[in-house]
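Welcome, and please load the model in your viewer. We will walk through it one selection at a time.

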Amino acid sequence: MSNIFFSDDAKFSTEFRNFLKARGYAKTDISDSVRKIIADVKTRGDQALFEYTKKFDKLDLRKSGIFFKSSDILDSIDKCKKQDREAIDLSINRILEYHQKQMPSNVNWKDQLGIELGWVWRPIDRVGVYVPGGKASYPSSAIMNLSPARVAGVEDIILVSPSPNGIYNPLTLYASYRLNVTQILRLGGAQAIAALAFGTEAIQKVNKITGPGNEYVAEAKRQVFGKVGIDSVAGPSEVLLICDKSMPKKIAAIDLLSQAEHDENAQSILITNDREYALEVGREIDNYLTKLKRKEIARSSWKNFGAIVIVPNFKKGIEIANIIAPEHLQLCFSEAKKQLGLIKNAGSVFLGYWSPEAMGDYITGSNHILPTAGTAKFSSALSVFDFLKRVSVTKVNKNGFKKLGSSVVRLADSEGLQAHSLSISERLKDL
């Protein structure tokens, strides 16, 4: 493969940064198309949803209905194999337990003036969750979105997921049923995001939208932000594997391809300290690319955005990892856990041979909806905090008002806000 870098090369920093940027530049500008769809849904409501769904998903919502009926959902449960339902149940239980440990406490105290201060946490009233259903349908994404929302106490959850040609994954419906989703819609794409953000005749608007989707979904979320909250603008998936030759080359190869098979724009990067081992992993990747069911997608991803970086030591490897800020970071080298303190930027870290990121995708408990495209430098995995609001609480007593009031008057006067000043000074007259 051509994308091999040596960290001790004089041009490495510039060339590698340009390589990372190239994935973003490869995207087509779809902002105008998405803007038109959103405006159309705002103006024409359900009628626009009918037309876009028939055009893009080849599904007539007038016949099927926008919403899945209770009978559809119950019928879908019968279509799920018992072992698959049990796997979903186990995943839900573990992910609920993980997120329950994130729940914050309400806090209150009195300061030295006797003023009562604090905050209380409140769930968002109504949330819209997007679950992919196009190129690949992911029941696991339903679990990852719905579980923290339920733990946070969100009462009203509406789930949207496209059903191309009327086809849907019954496991997605089963997972949604298990987590008590209020409504499930046969919608996808930018039009679904617009319907959630602004409402239509049939759909009540939500307060926040979460969940990953294709580039049209991501762009639509970006454009409706401010009218509603969003979790993030997610990009294609990524994995960075830092390992030495103690990691079997076949396992290293398949761990890298576990992200490449997601999407043509997904990114898989290997960092290692052994050039010959790196080349062997590359050959194993080429071998697997003749066998995978999604080999064309994986091949395109690996060819265009995959990379191998040769480093002199793993301290340097972690320095590079902090620059990349990967969605998934797998550490498989001697005493990797001791290096955890050096990692500043990563969505989720997986330590050791027995911790491939695929475990985190489904069942360990941590959330698989993670920051991508370097955004792990300032954001985190989806959590209960995405479904909570913190409300500040203040109660000032007479003594505290007397002690602090004159300073507030001076500050308000300095800013030319006369009514603010009078709000305090008039009360001071009563003391």
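Start by selecting Tyr130, which stands opposite Val160 in β5. Tyr130 belongs to strand β4 (residues 126-130), joined by five bridges to the parallel strand β5 (residues 156-160). Strands here are DSSP runs of E with at least two residues, helices are runs of H or I with at least four residues, and both are numbered from the N terminus. Two strands pair if DSSP finds at least two bridges between them.

A word on what you are looking at: this is a predicted model, in which local features need pLDDT of at least 70 and side-chain atom pairs count only at pLDDT 80 or more, while totals for chains, interfaces and linings use all residues. Residues are numbered from 1 along each chain as its sequence is written, and side-chain values use heavy atoms, with hydrogens and water left out.

**The sheet around β4**

Now widen the selection to the open sheet, five strands in the order β6-β5-β4-β7-β8 with parallel pairing. At its edges lie β6 (183-185) and β8 (229-230), each pairing on one side only.

**Helix α8**

Next, select residues 170-178, helix α8, where seven of the nine residues are buried. Buried means under 20% relative accessible area, exposed means over 50%, and partly exposed lies in between (1.4 Å probe, protein chains only). Which residues of α8 are buried? They are Pro170, Leu171, Thr172, Leu173, Tyr174, Ala175 and Ser176. Show α5 (70-79), α6 (82-100), α7 (139-152), β5 and β6 as well, for these are included in what covers the buried residues of α8.

Stay on α8 and pick Arg178, which forms a salt bridge with Asp89, with the closest N and O atoms 2.7 Å apart. The pair ties helix α6, home of Asp89, to helix α8 across 89 residues. A salt bridge is a side-chain nitrogen of Lys or Arg within 4 Å of a carboxyl oxygen of Asp or Glu. Arg178 itself is partly exposed, at 27% relative accessible area.

**More charged pairs**

The structure holds 15 salt bridges, so a few others deserve a click. Select Asp386 and Lys208, whose side chains meet in a salt bridge (3.8 Å, N to O). Asp386 sits in the loop between α15 (357-362) and β14 (388-395), and Lys208 in strand β7 (residues 208-210), 178 residues apart. Asp386 counts as buried at 16% relative accessibility, and Lys208 is buried with a relative accessible area of 11%.

Then move to Lys338, which makes a salt bridge with Glu335 (3.3 Å, N to O). Is Lys338 buried or exposed? Lys338 is exposed, with a relative accessible area of 63%. Asp40, Arg44 and Glu51 are also worth a selection: salt bridges that share partners join them into one network.

**Asp46, without a partner**

Select Asp46 in helix α3 (residues 46-57). Asp46 is buried yet has no salt bridge, and the nearest side chain of opposite charge, Arg62, is 9.8 Å away. For charge, Lys and Arg count as positive and Asp and Glu as negative; His and the chain ends are not counted. Beyond its neighbours within four places in sequence, Asp46 is in contact (heavy atoms within 4.5 Å) with Ile66, Thr200, Glu201 and Ala202.

**Last stop: Trp119**

Finish at Trp119, in strand β3 (residues 116-123). Trp119 is partly exposed, at 29% relative accessibility. Select Arg390 too: its C-alpha atom is 6.4 Å from that of Trp119, although the two are 271 residues apart along the chain.
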